[in-house]
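Student: I should like to learn how to read the contacts in a structure of several chains. May we work through an example together?

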4 protein chains.
Amino acid sequence: MAAREEFFAGFQKIPYLPSAGPGNVLCFKHYNAEEVLMGRTMEDWLRFSVCYWHSFCGTGADPFGFQTLHRSWNEGTPMESAKKRLRAAFEFFTKLGVKYYTFHDRDMAPEGSTLEESNRNLDEITDLALQLQNKTGVKVLWITCNLFAHPRYMNGAATNPDFHVLAFACAQVKKGLEVAKKLGAENFVFWGGREGFHSIHNTDVAAELKHMANFFKMAVKYKEKIGAKCQFLIEPKPKEPCKHQYDYDAMSVIGFLKHYGLESHFKLNVEPNHTTLAGHSYEHDVVMASVFGMLGSVDSNTGSPDLGWDTDQFPMDIKNTTMVMKTIIEQGGLQPGGLNFDAKVRRESTDLEDLFIAHIGAMDAFARGLRNAVRVIEDGIITSMVKERYSSFRHSLGQKVEDGSATLEDMEAFVKQNGEPSVTSGKQEKYESVFNHYI
Amino acid sequence: MAAREEFFAGFQKIPYLPSAGPGNVLCFKHYNAEEVLMGRTMEDWLRFSVCYWHSFCGTGADPFGFQTLHRSWNEGTPMESAKKRLRAAFEFFTKLGVKYYTFHDRDMAPEGSTLEESNRNLDEITDLALQLQNKTGVKVLWITCNLFAHPRYMNGAATNPDFHVLAFACAQVKKGLEVAKKLGAENFVFWGGREGFHSIHNTDVAAELKHMANFFKMAVKYKEKIGAKCQFLIEPKPKEPCKHQYDYDAMSVIGFLKHYGLESHFKLNVEPNHTTLAGHSYEHDVVMASVFGMLGSVDSNTGSPDLGWDTDQFPMDIKNTTMVMKTIIEQGGLQPGGLNFDAKVRRESTDLEDLFIAHIGAMDAFARGLRNAVRVIEDGIITSMVKERYSSFRHSLGQKVEDGSATLEDMEAFVKQNGEPSVTSGKQEKYESVFNHYI
Amino acid sequence: MAAREEFFAGFQKIPYLPSAGPGNVLCFKHYNAEEVLMGRTMEDWLRFSVCYWHSFCGTGADPFGFQTLHRSWNEGTPMESAKKRLRAAFEFFTKLGVKYYTFHDRDMAPEGSTLEESNRNLDEITDLALQLQNKTGVKVLWITCNLFAHPRYMNGAATNPDFHVLAFACAQVKKGLEVAKKLGAENFVFWGGREGFHSIHNTDVAAELKHMANFFKMAVKYKEKIGAKCQFLIEPKPKEPCKHQYDYDAMSVIGFLKHYGLESHFKLNVEPNHTTLAGHSYEHDVVMASVFGMLGSVDSNTGSPDLGWDTDQFPMDIKNTTMVMKTIIEQGGLQPGGLNFDAKVRRESTDLEDLFIAHIGAMDAFARGLRNAVRVIEDGIITSMVKERYSSFRHSLGQKVEDGSATLEDMEAFVKQNGEPSVTSGKQEKYESVFNHYI
Amino acid sequence: MAAREEFFAGFQKIPYLPSAGPGNVLCFKHYNAEEVLMGRTMEDWLRFSVCYWHSFCGTGADPFGFQTLHRSWNEGTPMESAKKRLRAAFEFFTKLGVKYYTFHDRDMAPEGSTLEESNRNLDEITDLALQLQNKTGVKVLWITCNLFAHPRYMNGAATNPDFHVLAFACAQVKKGLEVAKKLGAENFVFWGGREGFHSIHNTDVAAELKHMANFFKMAVKYKEKIGAKCQFLIEPKPKEPCKHQYDYDAMSVIGFLKHYGLESHFKLNVEPNHTTLAGHSYEHDVVMASVFGMLGSVDSNTGSPDLGWDTDQFPMDIKNTTMVMKTIIEQGGLQPGGLNFDAKVRRESTDLEDLFIAHIGAMDAFARGLRNAVRVIEDGIITSMVKERYSSFRHSLGQKVEDGSATLEDMEAFVKQNGEPSVTSGKQEKYESVFNHYI
């Protein structure tokens, strides 16, 4: 039998060469998979994942321009091309040295003219995926169903005014859960790109939210029925394509989940580019989700703060990666989540090597972030400054506030006895200067 | 006894003159308090309130410039001036024809050098307020405690890292609740202007959120203990003065309240200028709060969408006021909340008459909004278009989704039987055109 | 000969029915083409134009979803479809009652595999366009060349780092100018969608700006050479698709043009959706361009202030249309420019009638804006308030400031003699209230 | 004679201790004034300047809270305090090791009740300033007149509708220029904080722009008359306090200057916090001003990209400082401009040491930026990648485009001969990865 086609000919497994010069962008200078930091390998802290849609299905088309990226795996019939794409992807994962990948049902296998045909396509391609997973050891970080690209979903999937469309979304998620189980996906993501509205005039928000909640409840029930183990994740995004999306940001989703009694079944997949589109700082939703015990996974990408749409760039800012990794370490890691590169090479980055360069640059950026965060935490200077700052809550009436037993009368009595509090510097610039030491 | 000083000499009670010309800005052309629409007077639908801080304490100072507004009531010692200010305010309320007002403890009476002195000041001035309320029939829409202006609160009040400061905030709120009871305030607002952070580096978010929740719990308990009837309201704002405020927007507050089991004790006081600062459209938080049954009151003002800070302008956009009033009518009114003009004349609007002109313009804008919304609802065209749009959920399996009894398997079976859903136009431009008919 | 295919069967010429009810969205209630206001017909003040790309080439695809709009004219080979599209468009123009249209070279005729083939395609289709223009009286408001969609332009056209690409753009513009002359286009637009950068790291800004200036100079020279009469217009946009576009906003373009000595050859085509993306208020660039004598035409659309990308919605806000029309009347009209609906029906607005409804709604919105602006100007109240506000510049030293002959010494002497100026209210709320009278 | 009061007791001259630990924030770890890089000392490349208003006049008041910063120099009568403040400032400059400072006329000396008294105050305090300058060698980087804080300027200074106010502004600038000459200020800045509008309704934009231009012309004439050598600088800002400011951003100012023939007399003082408020990336206006030969000086501070107002934080982001310094080196330095810390310690940073910590942190951030930029430039990898990218313009017809002699016909002929250009990767991720090597 003929040798398999090689899609990334000329590329070897990317090595770790910490002393390589600036012009050598096809090696890791910071990411050393097996190196142990704070008792865990870098690979284990970072749990990198490559996304299928941008890196293997992306064409470079944008709203103002046509396809620029031409990939050799996009040839033949849809099913032939799906198989080539899968082989190309596993070749890339392996050469890059990444152990996880993520995909939508519809970028893995082409949609057929009926649900049944779509499901058969998915069965056939995921059989191959399972083979390749077993052969390479690469695993599925998460699966998601594409409930936004097909015209049927233009007015929403779970929140569509037409029940028939919601039914289709449900059928698609049922199959998605079966595939998740089959492939051992560690998580299952819901991104509600069209769950929201373009115009409040034509929208019954209360009805739509209830439908969305019931949709999630059906998914929970079916997951339990079939014994799938994947963690459910909701991915917040404030807008785009909708004018307003219900899963606006971390706190919106947490409020929604708690309102409908769904909070024990879901965590969040936070994407910083979505966070900044919601008007927050880069690390905000990662931090808030973590504080509420809801941080499940991170779509590690970036936007530009001066742009108002999702650019899904590869994350390259060391300060940002340090902040994210500090939060992740402090919550004890992301398992079963990971850092998924929901990022695409620019449509102008048309060389095949750009796909490697982009991932390597981002992995090194996160490896530097991890190394920095470890130093911040191991040095303990910032941690102890913060601890000291809140120390008054560890004594007497402060402690009663902590445990919920204090009353307004107690507090007034304290003030009558102790008078005006002193004013204490917040020392923001000192914190920033100390933090900069580690960057 | 000498006649009382008149602060707005030359101004009479503002009349309703529907056919006055454009140059006459000292009469109502749309607001006719006693006129009945949909079974209720305009006054009752709108429940207008004048705010004390901007309109009677405002000086026109901004971060780049000094005081421009010189008011005759700001003369004498702080306590003398506090009384003059109160008389001026009630003269204004009466001449304007507004039945509610709102205030912070510290704009009503000056802060003393101790809590006790501050409380005595407040007692003395609120005695006069009660007299004036009884004499004029003007009532308190809501009271709030200023927990942000004094330097002690620079790092937060309920979320201050120093327990002592939290104690002071509690003591202040205790007194505020007592005053609320004394004056019959219909609501009590918490605006957490410094409850958030400037730098994530020096902040223990988890600790601060817990302290804030426990602070609210203490307030709930004390309110119940003294038998105050005021509805508790939280006012969301995303940022300013803090870089990030925990009460970011309606959904953030709802999430917070539900997480800490506080949702039955609080509703929201939504300020559209804060809503737009959070990246939403003008009416967004009014609509979302209403959908979640949490819309308590509205700080009816506006910002400029091209500005990133709180300008607290008088609301003058008829489309916006129509949208807000439509939501309010649909939820059956705002009682015990109202439309509070948390708005300030521009610092360049230095004439005394500008205070009347601004309020009149805004009241007319909301009166037009009310009249428009009534026509929208009474015509029923938009309502029936929306009802039709969701009609598939009133039959068979759609009904089972509504009542939560459907399963993914049911839904898949439906699709297998019925195939691909048809694509239905959302008709946004038609809705917009019909809506424009009423503007 | 067989009757021509009808693309908008069932639609008649849209009538003016001022007293039609809210549900009737297929008639004009405000736009009455022949009605004369301030000495000119409404048609003449408004000079409405339909754009070809959105309304006849648009598919409803967005970055997250596939085609939703299926038009009967998109059938057959590219050239057959181009002809059908043209006939459909003229049928639409005629039924809608609009006298102008606008197009890109590449939406009029398909791009061939060589420049020569593309040009032949364009010749053939524009022959038909000329026939239809002559038959219907519909004219070209402006033509533009699509220098952004083809992959060759991914790194820019006039600012591409590769000279060869710039050469291609020049060749395309040369042909575009010839077509403009042939069809009697009244204007010729340059929109530099890819003239900017995604990353400052790989960009030589100085070189790119110079190339762009020289590109414009070549176009000026050729236009003059062939005796084309069209007014050149540059359309500012701050970003999207680029991270940063050189033609950021009105003032950026004016600065660029003056720097390179091009200001006498160009005016601006201002698109309010681009203006708001640049952080300005809706009317800002219309006003600024007009003040600098550079307002040539308006792409009358709108975005949502809470969205950070170009949504190209149909303009429906009466306050905005009033402001724009006031500026246009004050500068004596827009000729040879017009109000071009660079707007697209939402991808969810899939009914054919939505195309009519959207245009009618927007035309009525501008007709109301025109009527309002005429009343504002004819009443003269606001105008005389403003005139009075600046009256001190009509006397003595004020007049010398106006004519440029005053000196700092004169001014100091004036202050030494006259002391402190008085503070005069800006009366913003009064202006807003008076303005609201007309809305 | 008694020893002078010491305002910063316990602080010594800040040393350079490159190997100090993270907790030591009272030394430089990167800024080594005398160290030579690329032929110039660090001090000379960076030309750091401390600003007077934030660091010596700032009180910590914000729109929502009172003074938090209590400085010992703010005691006594206004004139006594002005002198103490000056001595404190020079003690700080000297201990910090910075050679330049900047100030507004009104923060140096208190405004009197007449222009004459204000001028006398200024004379007296600047006599002392001159003494201290001579004694310490500290110099004035730039002076500016405060034309925005006094109520007379509430509607603008040069653009005030009242000629009398403009006259006052002129008189103030006349004196400011005399002071600039007396103190040897190297630059003179105009920041038009109130030169713009809050409402387009009450504004005659054309008149205001002309008045502003004539105001600048008077200043140019007087500067020349008295032989002052200072470089005139305009500082762009898009908004705040005004809704819209005419000096919106670098390109707006360049357009204005060229329109009124003022471009040879002015350069720009770019403040990155203003740049980001205008919707650009941090380095954008620095780069654009430099490209147009108009970069005069930099107000080196930062905002937060998620905030919509001017926070004037100390710059701490190494990527940003690297980008700015790369541009400055490439244009050969900033002389006679410099890096002025128009930055304020947070109002919560109430310790006196915070003033040192903040400046040291920012100076080190810029020193790291300088060191990084030098390595980028000396390595030459990025530079040569860019040069190669544009190499096609160095040959034949490309060269004719450069020199302006090419025509559309030439370009078309080239395409007809050479066909379709090839598509070349922009390699953004490679540039980012190489750049990250230096951060």
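Student: How many salt bridges does the rule count over all chains?

Tutor: Please note at the outset that this is a predicted model. By the rule, the count comes to 116 salt bridges over all chains.

Student: How should one read a single salt bridge, for instance that of Glu178(B) and Lys174(B)?

Tutor: One reads the distance, the placement in the chain and the accessibility of each partner in turn. The side chains of Glu178(B) and Lys174(B) meet at 3.0 Å, N to O. Both residues belong to helix 6 (residues 163–183) of chain B, where they are 4 residues apart, about one turn of the helix. Glu178(B) has 24% relative accessibility and therefore counts as partly exposed, whereas Lys174(B), at 8%, counts as buried.

Student: Where do Asp410(C) and Lys400(C) lie?

Tutor: These two residues form a salt bridge, with the closest N and O atoms 3.5 Å apart. Asp410(C) lies in helix 15 (residues 408–418) of chain C and Lys400(C) in helix 14 (residues 396–403) of chain C, so the pair ties together parts that are 10 residues apart in sequence. Asp410(C) is partly exposed, with a relative accessible area of 24%, and Lys400(C) is partly exposed at 32%.

Student: Which side chain meets that of Arg194(B) in a salt bridge?

Tutor: The partner is Asp62(D), at 2.9 Å, N to O. This pair crosses between chains: Arg194(B) is in the loop between strand 6 (187–191) and strand 7 (196–197) of chain B, and Asp62(D) is in the loop between helix 2 (52–57) and helix 3 (78–96) of chain D. Is each partner buried or partly exposed? Arg194(B) is buried, with a relative accessible area of 1%, while Asp62(D), at 22%, counts as partly exposed. Salt bridges may also be read as a network, as with Asp105(A), Arg106(A), Glu111(A), Arg152(A) and Glu420(B), which are linked in this way.

Student: What area is buried between chain C and chain B?

Tutor: An interface is read from its area, its residues and its polar pairs. Here the buried area is about 3400 Å², of which carbon and sulfur atoms give 50%. In chain C, Pro22(C), Met316(C) and Glu429(C) lose the most area to chain B, together 18% of what that side buries. The contact takes 46 residues from chain C and 46 residues from chain B.

Student: How many salt bridges and polar contacts are found between chain C and chain B?

Tutor: Across this interface the rule finds 8 salt bridges, and 28 residue pairs are in polar contact. Helix 16 of chain C gives the largest share of the side that touches chain B, 8 residues. By class, that side of chain C has 14 nonpolar, 16 polar and 16 charged residues. A salt bridge also joins the side chains of Lys427(B) and Asp354(C), at 2.5 Å, N to O.

Student: How many aromatic pairs does the structure hold over all chains, and how is one described?

Tutor: A pair of aromatic rings is described by the distance of the centres and the angle of the planes. The structure holds 144 aromatic pairs over all chains. Among them, Phe56(B) and Trp73(B) form a tilted pair, 5.4 Å centre to centre with 50° between the planes. Phe56(B) is in helix 2 (residues 52–57) of chain B and Trp73(B) in the loop between helix 2 and helix 3 (78–96), 17 residues apart. Phe56(B) counts as buried at 0% relative accessibility, and Trp73(B) is buried with a relative accessible area of 0%.

Notes
Residues numbered from 1 in each chain as written. Chains lettered and ligands numbered in written order. Predicted model: local features only at pLDDT ≥ 70, side-chain atom pairs only at ≥ 80, totals over all residues. Heavy atoms only, no water. Contact = heavy atoms within 4.5 Å. Buried area = accessible area lost by both parts, 1.4 Å probe. Salt bridge = Lys/Arg side-chain N within 4 Å of Asp/Glu carboxyl O. Polar contact = N/O pair within 3.5 Å; in protein donor to acceptor, adjacent residues only side chain to side chain. Helix = DSSP H or I, 4+ residues; strand = E, 2+ residues; numbered from the N terminus. Nonpolar A, V, L, I, M, F, W, Y, C, P; charged D, E, K, R; others polar. Phe/Tyr/Trp six-rings, centres within 6.5 Å; stacked < 30°, edge-to-face > 60°. Buried < 20%, exposed > 50% of the residue type's maximum accessible area, 1.4 Å probe, protein only.
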